[in-house]
Amino acid sequence: QVQFVESGGGLVQPGGSLRLSCVVSGSAFSISTVGWYRQAPGKERELIAHLGSDYGIFYKDTVKARFIIDRDNAKNTVYLQMDHLEPEDTAVYYCNLARPGTGWSRDWGQGTQVTVSS
C-alpha cells in the first residue's frame, strides 16, 4: 500500500504561480515513476505530468511550458511547479506512483485544491 499526502494548493489569480508537494510513503520511491493527476469539476481525473526511468518525462499539452514536475528522492517527495495559471487549471490535484514493471498505484491521497480565479 502506498500513501500520498498532497499540499500546496490554494486560491490564486490568473497568471499566478503555485508549487505543489506530495510526500509518498512506501518503498521503491527512488526507482519509481511519479506523476501528477488532476480532476476538474464534472470531469474525469487526468494525467498531466510524469517523471521516471520507466515512463520517462511527459507533460499534457495543456500544461506544457507552464508546469514543471520535479522530485527529491531523499525526501520521498514529488513537486509540481505551476506558473502562468489559468482558470482552466482549477481542479483537485493528486500525485501517484508507478513502481517498475507495474501500473499506477490504485491508492490515492486526498488531493489538494487549486482554484484559479480573479
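**Exercise 1. What percentage of the 118 residues in the chain do buried residues make up?**

Before solving, a word on the model. This is a predicted model, where local features need pLDDT of at least 70, side-chain atom pairs count only at pLDDT 80 or more, and totals for chains, interfaces and linings use all residues. Residues are numbered from 1 along each chain as its sequence is written, and side-chain values use heavy atoms, with hydrogens and water left out.

*Solution.*
- Step 1: get the cut-offs straight. Buried means under 20% relative accessible area, exposed over 50%, and partly exposed in between (1.4 Å probe, protein chains only).
- Step 2: read off the share. Buried residues make up 43% of the 118 residues.
- Step 3: look at the outside too. The chain exposes about 6,200 Å², and carbon and sulfur atoms supply 49% of that area. Accessible areas come from the Shrake-Rupley method with a 1.4 Å probe; for residues, only the protein chains shown count as cover.

**Exercise 2. Work out which strands sit in which sheet.**

*Solution.*
- Step 1: count the elements. The chain has 0 helices and 10 strands. Both kinds are DSSP runs numbered from the N terminus: helices are H or I with at least four residues, strands are E with at least two.
- Step 2: know when strands pair. DSSP must find at least two bridges between them.
- Step 3: trace one open sheet. Its 4 strands have the order β1-β3-β8-β7, with antiparallel pairing. At the edges stand β1 (3-7) and β7 (67-72), each with a single partner strand, so one side of each has no neighbour in the sheet. On average, neighbouring strands of this sheet are turned by 20 degrees against each other, direction ignored. For such angles, axes are lines fitted to C-alpha atoms (for helices over the stretch in contact), and angles run from 0 to 180 degrees between N-to-C directions.
- Step 4: zoom in on one pair. β1 and β3 run antiparallel and are joined by 5 bridges, and Phe4 stands opposite Val24 in β3.
- Step 5: trace the open sheet of 6 strands. The order here is β2-β10-β9-β4-β5-β6, with mixed pairing. Its edge strands, β2 (10-12) and β6 (58-59), each pair on one side only.
- Step 6: zoom in again. β9 and β10 (residues 112-116) run antiparallel, with 3 bridges between them; Ala91 has Val114 in β10 as its bridge partner.

**Exercise 3. Find the disulfide and say what it links.**

*Solution.*
- Step 1: apply the rule. A disulfide is a pair of cysteine sulfur atoms within 2.5 Å, and the count by this rule is 1.
- Step 2: name the pair. Cys22 and Cys95 have their sulfur atoms 1.7 Å apart.
- Step 3: place both ends. Cys22 lies in β3 (residues 18-25) and Cys95 in β9 (residues 91-98), so the pair ties together parts 73 residues apart in sequence.
- Step 4: check the surroundings. Both Cys22 and Cys95 are buried.

**Exercise 4. Two loop residues have a positive phi. Compare where they sit.**

*Solution.*
- Step 1: take Ala65. Its phi is positive, about 75 degrees, although Ala65 is not a glycine. Ala65 is in the loop between β6 and β7, and it counts as exposed at 79% relative accessibility.
- Step 2: take Asn76. Its phi, near 50 degrees, is also a positive value in a residue other than glycine. Asn76 is in the loop between β7 and β8 (77-82), and with a relative accessible area of 22% it is partly exposed.
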